[in-house]
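I opened this notebook to record what I looked up in the model, topic by topic. The entries begin with charged pairs and then move on to other parts of the chain.

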Amino acid sequence: MEVDRYERIWLIGSAVFILSALGAIIASVVFHTAELPEPAGRIEPELVTQTAPFDRPGLHQRDDGSWELVYVAQAWAWDPVQVTIPSELRGEEIKIISTTRDVIHGMKITDTNVNVMVIPGQISEVDVVFDDAGTHTLVCHEYCGIQHHVMGAEIVVE
Ligand code: CUA
């Protein structure tokens, strides 16, 4: 069987493209230690409101002096719906811990690195540093029902 010259060029080009894409994935894992996100813990969705730290949503200082910001998602609201970050915490690392009581939601905080899925039965954790004063909007970015578009909250950094 004779392979057309142009067909051969396309075949070689496709192979080079696939191999370089695979190479890029391997390089990111080997040299940049790329990791898949994994749940920070498990929780019974029915017991969220009775399980620490979700029995007390909001901003808290932990025993070791670090800060945590706890969110409970539920169609179609975040608890707490408004949080104030005092100016002393600007530049400090805050651990955002979230879970959901019902369906899958998504947490995106504008002008930050925070973008995590909030999945029933799982605890999601992500660290954030607010450097500047201002207001951030927390939106749900996973379609969760008829009122998905109103599922927002606010973080005010003093
Ligand atoms: Cu919650 Cu969309």
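**Entry 1, salt bridges.** I started by counting the salt bridges in this predicted model, and the count comes to 3. I then took the pairs one by one, noting for each how far its side chains are covered.

I looked first at Glu 68 and Arg 62, whose side chains meet in a salt bridge with an N to O distance of 2.7 Å. Glu 68 is buried, with a relative accessible area of 9%, because the cut-off for buried is under 20%. Arg 62, at 29% relative accessibility, counts as partly exposed.

Next I turned to Lys 95, and asked which residue of strand 9 meets its side chain in a salt bridge of 3.7 Å, N to O. I found that this is Glu 125; since Glu 125 lies in strand 9 (residues 122-129) and Lys 95 in strand 6 (residues 93-100), the pair ties together parts that are 30 residues apart in sequence. Glu 125 counts as partly exposed, at 36% relative accessibility.

I also noted a salt bridge between Lys 95 and Asp 127, in which the closest N and O atoms are 2.9 Å apart. Asp 127 lies in strand 9 and Lys 95 in strand 6, so this pair ties together parts that are 32 residues apart in sequence. Asp 127 is partly exposed at 28% relative accessibility. Through the shared partners, Lys 95, Glu 125 and Asp 127 are joined into one network of salt bridges.

**Entry 2, strand 3 and its partners.** I went on to strand 3 (residues 67-74), where 6 of the 8 residues are buried, so the strand is largely enclosed by the rest of the structure. I then listed the strands that pair with it.

Strand 2 (residues 58-61) pairs with strand 3 in the antiparallel sense, over 4 bridges, and within this pairing I saw that His 60 stands opposite Glu 68. The hairpin of strand 2 and strand 3 has 5 residues between the strands, and there Gly 65 takes a positive phi near 95°.

Strand 6 pairs with strand 3 in the parallel sense, over 7 bridges, and I recorded Ser 98 in strand 6 as the bridge partner of Tyr 71. Strand 4 (residues 77-79) runs antiparallel to strand 3 and is joined to it by 3 bridges. In strand 4, Ala 77 is the bridge partner of Gln 74, and a hairpin of 2 residues joins strand 3 to strand 4.

**Entry 3, the nonpolar patch.** I asked which residues make the nonpolar surface patch of about 980 Å². They are Phe 17, Ile 18, Leu 19, Leu 22, Ile 25, Ile 26, Val 29, Val 30 and Phe 31. I picked out Val 29 for a closer look: it lies in helix 1 (residues 5-32) and is partly exposed, with a relative accessible area of 45%. This value passes the patch rule on accessibility, because that rule asks for over 30%.

**Entry 4, cysteines.** I checked for disulfides last, and the count comes to 0. I also looked up the cover of two cysteines: Cys 140 counts as buried at 8% relative accessibility, and Cys 144 counts as buried at 11%.

Terms used: Residues are numbered from 1 along each chain as its sequence is written. This is a predicted model: local features need pLDDT of at least 70, side-chain atom pairs count only at pLDDT 80 or more; totals for chains, interfaces and linings use all residues. Side-chain values use heavy atoms; hydrogens and water are left out. Patches are made of residues with over 30% relative accessible area and no salt bridge: like charges are joined within 9 Å, nonpolar side chains (Val, Leu, Ile, Met, Phe, Trp, Tyr) within 5 Å. Accessible areas come from the Shrake-Rupley method with a 1.4 Å probe; for residues, only the protein chains shown count as cover. A salt bridge is a side-chain nitrogen of Lys or Arg within 4 Å of a carboxyl oxygen of Asp or Glu. Buried means under 20% relative accessible area, exposed over 50%, partly exposed in between (1.4 Å probe, protein chains only). Two strands pair if DSSP finds at least two bridges between them. A disulfide is a pair of cysteine sulfur atoms within 2.5 Å.
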